[in-house]
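Here is a short set of questions for someone meeting this structure for the first time. Look it over, then work through the answers.

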Amino acid sequence: MTKTAFLFAGQGAQYLGMGRDLYEHYPIVKETIDQASQVLGYDLRDLIDTDETKLNQTRYTQPAILATSVAIYRLLKEKGYLPDMVAGLSLGEYSALVASGALDFEDAVALVAKRGAYMEEAAPAGSGKMVAVLNTPVEVIEEACETASKVGVVTPANYNTPSQIVIGGEVAAVDRAVELLQEVGAKRLIPLNVSGPFHTALLEPASQQLAGALEGVSFADFTCPLVGNTEAAVMEKDRIQELLTRQVKEPVRFYESIAVMQDAGVTNFIEIGPGKVLSGFVKKIDKTAQLANVEDQASLDALLGN
């Protein structure tokens with residue numbers, strides 16, 4: 001019995017016009033995007049199709065990716081595809097919560113619009129930076145961050161794959177960590193084009209505001225297990241609020257989350273939402289994993305075997 005996990009895309013995967021062909025062809029996709037527009041008070045489809053500047057601004061990016069991902073999830077469900085487990089990268093965890101039955105879609109849209117705004121305010125563009133460190137042992141990276149912490153905040157932010165770890169924090173401290181890593185022979189260090197040092201202690205103000213917003217949200221029982229980013233463990237209903245509050249300022253443990261799914265018997269992974277970032281990570285983590293992604297008509301047809 002092969003088990004399938006759905007993985008939901010995170011911030012950074014957005015692109016102009018994402019999901020447009022599915023929106024035009026499938027009523028469930030259109031209904032979902034239109035439902036999000038009602039909650040947000042602006043035309044989300046129009047923003048995704050025409051306004052690249054806004055689409056790349058965190059407070060708009062987050063609801064745009066969430067709504068696109070949930071729309072595709074609902075379409076797959078209509079086609080008879082259901083996951084045995086779910087997970088999402090950072091923002092994608094909110095899409096996973098909707099897919100797992102724990103969070104109402106309209107609540108999720110309102111919540112990520114707030115989350116995006118809080119993150120943008122806590123870490124204005126230029127206030128920090130993030131750098132992907134490739135092919136360097138995790139202990140070496142953690143040690144460099146610890147030493148560079150004398151200069152300011154810098155910590156691992158995303159454990160994407162054992163050979164790709166993103167560090168983030170204040171500019172001077174990240175630069176110092178990069179120097180230290182270069183001294184010990186790290187060759188590939190790639191500055192990321194992100195709007196702020198997410199998943200670091202600099203997001204503490206956003207974390208506190210998010211805690212307030214989560215107070216008003218009610219969660220339901222999981223209908224499908226969700227492996228959370230913060231602890232790389234199956235999430236429990238009574239801890240959702242706490243874990244989402246921590247998630248914004250603590251590292252994303254992606255490769256450990258994949259390992260948890262594999263231990264549970266998952267061999268197939270379907271990435272849902274824009275791009276193929278997560279499929280790329282899973283391929284690096286395990287070459288034997290069966291991978292698919294759905295973001296448009298062509299990738300849907302490939303999955304369905306049309």
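The questions below deal with a predicted model, and go from sheets to helices to single residues.

Q: In what order do the strands of the five-stranded open sheet stand?
A: This sheet is open and its pairing is mixed. β6 (188-191) and β9 (252-253) stand at the edges, each with a single partner strand, so one side of each lacks a neighbour in the sheet. The order is β6-β3-β5-β4-β9.

Q: Which residue of β9 stands opposite Asn158?
A: Strand β4 covers residues 154-161 and pairs with β9 in the parallel sense. Two bridges link β4 and β9. Opposite Asn158, in β9, stands Val252.

Q: What angle does helix α13 make with β4?
A: Helix α13 spans residues 277-285 and packs on the sheet that has the order β6-β3-β5-β4-β9. There α13 touches β4 and β5 (164-169). The direction of α13 makes an angle with that of β4 of about 80°.

Q: Which strands are at the edges of the four-stranded open sheet?
A: The order in this sheet is β2-β1-β10-β11, with parallel pairing. An edge strand pairs on one side only. That applies to β2 and β11 (290-294).

Q: What is the average twist from one strand to the next in the four-stranded sheet?
A: The sheet is open, and its strands pair in parallel. From one strand to the next, the twist averages 25°.

Q: Which residue is the bridge partner of Ala5 in β2?
A: Strand β1 takes in residues 3-8 and pairs with β2 in the parallel sense. Four bridges hold this pairing. In β2, the partner of Ala5 is Met85.

Q: Which residues of β2 point the other way from Met85 and Ala87?
A: Strand β2 runs over residues 85-88, and Met85 and Ala87 point one way from it. Both these residues and those pointing the other way are buried. The other way point Val86 and Gly88.

Q: Which residue in β10 stands opposite Phe6?
A: β10 consists of residues 266-272 and runs parallel to β1. Six bridges join β1 to β10. Opposite Phe6 is Ile270.

Q: Which strands does helix α5 touch?
A: Helix α5 (residues 58-78) packs on the sheet of order β2-β1-β10-β11. Its direction makes about 125° with that of β10. The strands touched by α5 are β1, β10 and β11.

Q: At what angle does α6 run to β2?
A: Helix α6 lies across two strands, β1 and β2. Relative to β2, α6 runs at about 155°.

Q: Are helices α8 and α9 parallel or oblique to each other?
A: Helix α8 covers residues 138-148 and helix α9 residues 171-183. Their axes come within 8 Å and cross at roughly 130°. α8 passes α9 in a right-handed crossing. The two helices are therefore oblique.

Q: How many nonpolar residues are in the contact of α8 with α9?
A: From α8 come Val140, Ile141, Ala144, Thr147 and Ala148. From α9 come Ala173, Arg176, Ala177, Leu180 and Leu181. One polar and one charged residue take part, and the number of nonpolar residues is eight.

Q: Is Ser100 buried or exposed?
A: Ser100 lies in the loop between α6 (92-99) and α7 (105-122). Leaving out residues up to four places away in sequence, Ser100 touches Val86, Asp221, Phe222, Thr223, Cys224 and Leu226. Its relative accessibility is 0%, so Ser100 counts as buried.

Q: What is the relative accessibility of Tyr42?
A: Tyr42 is in the loop between α2 (27-40) and α3 (44-50). Apart from residues up to four places away in sequence, Tyr42 touches Ser37, Leu47, Arg59, Tyr60 and Pro63. Tyr42 counts as partly exposed because its relative accessibility is 24%.

Q: Is Asn135 buried or exposed?
A: Asn135 lies in the loop between β3 (129-134) and α8. Its phi is near 55°, a positive value in a residue other than glycine. With a relative accessibility of 58%, Asn135 counts as exposed.

Q: What is the relative accessible area of Ala232?
A: Ala232 sits in the loop between β7 (227-228) and β8 (233-234). Its phi is positive, near 50°, in a residue other than glycine. Ala232 is buried because its relative accessible area is 9%.

Methods
Residues are numbered from 1 along each chain as its sequence is written. This is a predicted model: local features need pLDDT of at least 70, side-chain atom pairs count only at pLDDT 80 or more; totals for chains, interfaces and linings use all residues. Side-chain values use heavy atoms; hydrogens and water are left out. Two strands pair if DSSP finds at least two bridges between them. Contact means heavy atoms within 4.5 Å. Axes are lines fitted to C-alpha atoms, for helices over the stretch in contact, and angles run from 0 to 180 degrees between N-to-C directions. Buried means under 20% relative accessible area, exposed over 50%, partly exposed in between (1.4 Å probe, protein chains only). Angles under 35 degrees count as roughly parallel, over 145 as roughly antiparallel, 65 to 115 as roughly perpendicular and the rest as oblique. A crossing is left-handed if the near helix is turned anticlockwise from the far one by less than a right angle, and right-handed if clockwise. Ala, Val, Leu, Ile, Met, Phe, Trp, Tyr, Cys and Pro count as nonpolar, Asp, Glu, Lys and Arg as charged, and the others, Gly among them, as polar.
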